[in-house]
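Hi everyone, thanks for making time today. I'd like to walk you through a structure that will be new to most of you, so please have a look at the screen.

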Amino acid sequence: MIKRIVEKDQYFDSVFLMLINSEIKGLEGVSDAVVSMGTEMNIQLLKDMNFADDAILAATPNDLVVAIECKDEETGEKAVAAVYSLLNKKKEKSSGQIYRPRSLQSAVKEEPEANLVLISLPGEFAAREARSALEKGLNVMLFSDNVSVEQEIALKDLAVGKGLLMMGPDCGTAIINGQPLCFANVVSPGDIGIVGASGTGIQEVTCCIDTFGGGITQAIGTGGRDLKDARIGGKMMLLGIEALKNDPATEILVVISKPPAADVAEKVLTALEKTGKPSVVHFIGQEPEKGRKGLYFASSLEETARIAVDLSKGVSPSSSTFTIPEAELRQIVERESAKLAPSQKYLRGLYTGGTVADEALILFEREGVTVYSNNQKKEELQLPDPFVSKEHTIVDLGDDIYTVGRPHPMIDPSTREDRIKIEADDPSMAVMLLDIVLGYGSHHDPAGAILKSLKEAKAKAEARGGYLPIVASVVGTEQDFQGYGATVAKLESIGCVVMPSNFQASMMSLEIMKKAGSL
Amino acid sequence: MKADKINRLFESDLNVLNMGLESFSETLSGRGVRSTQIDWTPPAGGKADLIEALDFLETRKEDIEKANAKALEIIQKGKPEIVDIQIAGEVIPGMTAKTVLHAGPPVTWENMCGPMRGAVIGGLIFEGLAADREEAEKMAASGEILFDPCHHHSTVGPMAGIVTASMPVWVLKNSVYGNTAFATLNEGLGKVLRYGAFSDEVIDKLRWMRDELAPILRKALKLHGPVDMKTLIAQVLQMGDEGHNRNRAGTSLFIREMAPHLVMLDEDREKIAKVFNFMHQNDHFFLNLTMPTCKCLIDAARDIENSSLIVTQARNGTEFGIQISGLGSRWFTGPASRVDGLYLPGYTEEDAGLDIGDSTITETVGIGGFAMAAAPAIVKFVGGSPEDAMKFTQDMYEITMGENSVFQIPALDFRGTPTGIDLMKIAQTGIYPVINTGIAHKDPGIGMVGAGLVKPPVNCYEDALKAFKEALK
């Protein structure tokens, strides 16, 4: 049977509702549930599921709609009560507080000193609020996606004209004045300024900088399309570089992006040269250039951080693959590869961070390994079924195909947990490779949440007469509220190999597989 | 390329406004960063065609803002005064012996709700046009009677809002802009015409009001001279009234104004005492003065090109309608809503008629529901907590053009009330005007059964927005 609720004029943000949704789905006797706002798309979804009735069909984007498929009236009642109690938690939290402004306009009136607006509204509404913020002279960080390229161009033109930050759309990470915004880590202050077109890229680089004893001034996010799309042409990247050039606290610049459109890359490099400050460039997956004055090209996120820290410390940039001693390294490879069964041949990279997933993919390809992935640019290497791994596979579980109706796996680890369980039953898996992303925005215990499933995966491999090496890297710092050390300890407690960076974790996986003869 | 504003940000303390995921704001607050969560709702109900209309209108922002500034100034500067009591047929423009004015947007006899029909019957009997209900109904249906909204005649009426030719009316004049406004005298509670009652006692009371109450008050008013209503309303807001559903302080103040002059009249003492008693026993006596005051203020701001000011919100028990300053006399209507409220003992939701009356004129100039924060006692009447009353008023700042220069709210540190409802801001924020109101029985002649809050039908604001876009194209 289906239990339905329509609450008129009750607006809740979608991530909050998705969290409720996953709790309700987990209730006993509930086979499916939709807790969402009555947007056109959601109502269509409910229609397709045969969950809609007249009241649901009549709902507007301002109405809360709930449909719960449950085994009987009693479980239905319980689920409905659970929905209300979860919703009320939020209300209780907000009642009894000082009055909250209902619009940007009145918020600005009440808070005239405001200088940055964070927007994580549904994409269809986000652009107009961003425009209105820019028009009011406020810097913007636009977390929302589903904003068109045309809208992005218009917003960035407006921002450039006014000399304001327009970070995003789809900008998940920034650190401004030492404060982590959205998905970001607590990183030591220093003299390295970053402009990045990639969220987890910025996270990995800032955390590595922290680990290597460096620190940052600002980390400006631009949104993933800024350099990639020639029409946007790196507008925000160039403005960010200009701001960091003028920033007296910034001595070294770092630029991170997926491969830019050709003429955009040239514009960015020229702009960096003109800053007169040493700059590190990492265009993920693109071969480093040579012979550009004051520019250092890095081939991995970790190396990007290392060069920047070396420059900051005034030593000449070093390069090495592993930071742990050779003997120890050999010992780990030996230990982890020894017990693999002959059937164990393939890598399974299960990522929550898009850019770190890309990095692993590129590293393996560079070593001549053919990898299937939902992030693959080569069509023939895209996964025929994204939910089923094929040979060597790296999945970016933050991809929309995996997150329909669920929050991003950095927030809700259940998406990856489900995938780990599936992989655990595959005797052809040789090594499991993971990223654990800490910091604000992320789950309060991303390692703890998947620990049980990892342990079971190892046990299953052993039951089949083999052994499952699990190699992970933790993107985070000791100051992050989840704690870097505590997270590493948890993973190591069940026998995971934890490497200091995604680059090293990938290389370690490679070494283990080579040694075991699966490559 | 200049980035100096970004560099200024780097040198300032971060101060964040957050729209959307609340945890982003909580994170920052937890780190000691100043961060304000905005309680956002989708604009224009999230509807694509309306957002498109809004996007277009925002390109005409300058013209609209200029027009609205002018409109707001007119409301702020207006000065309505009670100047007289006269007979409707002699003073209201366009009034004939067979005209019946009613509340809300235009409505035909066929489509009138129970209470309004009852009031029409009472009005026709009062005028001597019909002897009883049957005759009155026949006449009303015959087409002989000219039904017209009060609003088409500078008039406002509570509930059914029926005005006929020989009823006495308050005459208010805006001494700055010269326009006038009219309203009948409030009949009190219980069985009254405005709730659709038309029994003999109702008609007898109307006659007494015409023959004794009005002439006596008129004489006292002449001795007093014009009464400055704006000042009086400013005072009542500081005494716990909001001027729509709570008028206890206002009625008391009005009696105080009139008393020295009433006692000086060369009239029978018992008649004078009856006038005092009548006002004393009716907390809403003052309502029929706040309403024409508001009408007098807002009418001066009608017909301003490009202005998105809402100049009328009114209901006839069948439909709710609004008018926009920049769109002339065109009505935008939607079905009248059910009132969500508390019921008097013995009555339930089953008994309730739909939303009715011109009293929502009060909200258009910043009193009534918009000033609920000034009247915490009202929440018992409409259901809710004093905290709700504060929130209602604070929400209304989101959809108004400015803060009233005269009407103030003590509990908000004497902030001016939210004034001048802006159609554009309603669309931008998805917030609709708050309305508190009495509930009439659905059948004629029974009267008030409760009170509560009502949500206006959103389609009239949506239709108005689309028409406004067409007008500005």
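I'll start with the place where two chains meet, and then turn to a helix and a sheet in chain B. Please keep in mind that this is a predicted model.

So, how many residues of chain B are in contact with chain A? There are 52 of them, and they touch 65 residues of chain A. People often describe the size of an interface by the accessible area that is lost when the parts come together. Here, chain A and chain B bury about 5,600 Å² between them, and carbon and sulfur atoms account for 57% of that area.

Now for the polar side of the story. Between chain B and chain A, 27 residue pairs are in polar contact. Which elements of chain B give two or more residues to the side that touches chain A? Among them are the helices α1 (4-11), α2 (22-30) and α3 (48-59), together with the strands β1 (15-19) and β2 (34-38). Much further along the chain numbering, α15 (386-396) and α16 (423-429) of chain B are on that list too. By residue type, this side of chain B divides into 20 nonpolar, 15 polar and 17 charged residues.

Eight salt bridges cross the interface of the two chains. To give you one pair to find on the screen, Asp55(B) forms a salt bridge with Arg128(A), and their closest N and O atoms are 2.5 Å apart.

Strands join across the interface as well. Strand β4 of chain A, residues 116-119, runs parallel to β1(B), and four bridges link the two. One of the pairs to look for is Leu116(A), whose bridge partner in β1(B) is Val16(B).

Let's move on to helix α9 of chain B, residues 229-237. Seven of its nine residues are buried, so the helix is largely enclosed by the rest of the structure. The buried residues include Met229(B), Leu232(B) and Ile233(B), and also Lys230(B). At the N-terminal end, Asp228(B) caps the helix, with a side-chain oxygen 3.1 Å from the backbone nitrogen of Lys230(B).

Last stop: an open sheet of four strands in chain B, in the order β7-β6-β3-β8, with antiparallel pairing. Strands β7 (180-184) and β8 (227-228) stand at the edges with a single partner strand each, so one side of each has no neighbour in the sheet. The partner of β7(B) is β6(B), residues 168-174, and five bridges connect them. Within that pairing, Val171(B) has Phe182(B) as its bridge partner.

Thanks for listening!

Notes. Residues numbered from 1 in each chain as written. Chains lettered and ligands numbered in written order. Predicted model: local features only at pLDDT ≥ 70, side-chain atom pairs only at ≥ 80, totals over all residues. Heavy atoms only, no water. Contact = heavy atoms within 4.5 Å. Buried area = accessible area lost by both parts, 1.4 Å probe. Salt bridge = Lys/Arg side-chain N within 4 Å of Asp/Glu carboxyl O. Polar contact = N/O pair within 3.5 Å; in protein donor to acceptor, adjacent residues only side chain to side chain. Nonpolar A, V, L, I, M, F, W, Y, C, P; charged D, E, K, R; others polar. Pairing = 2+ DSSP bridges. Buried < 20%, exposed > 50% of the residue type's maximum accessible area, 1.4 Å probe, protein only.
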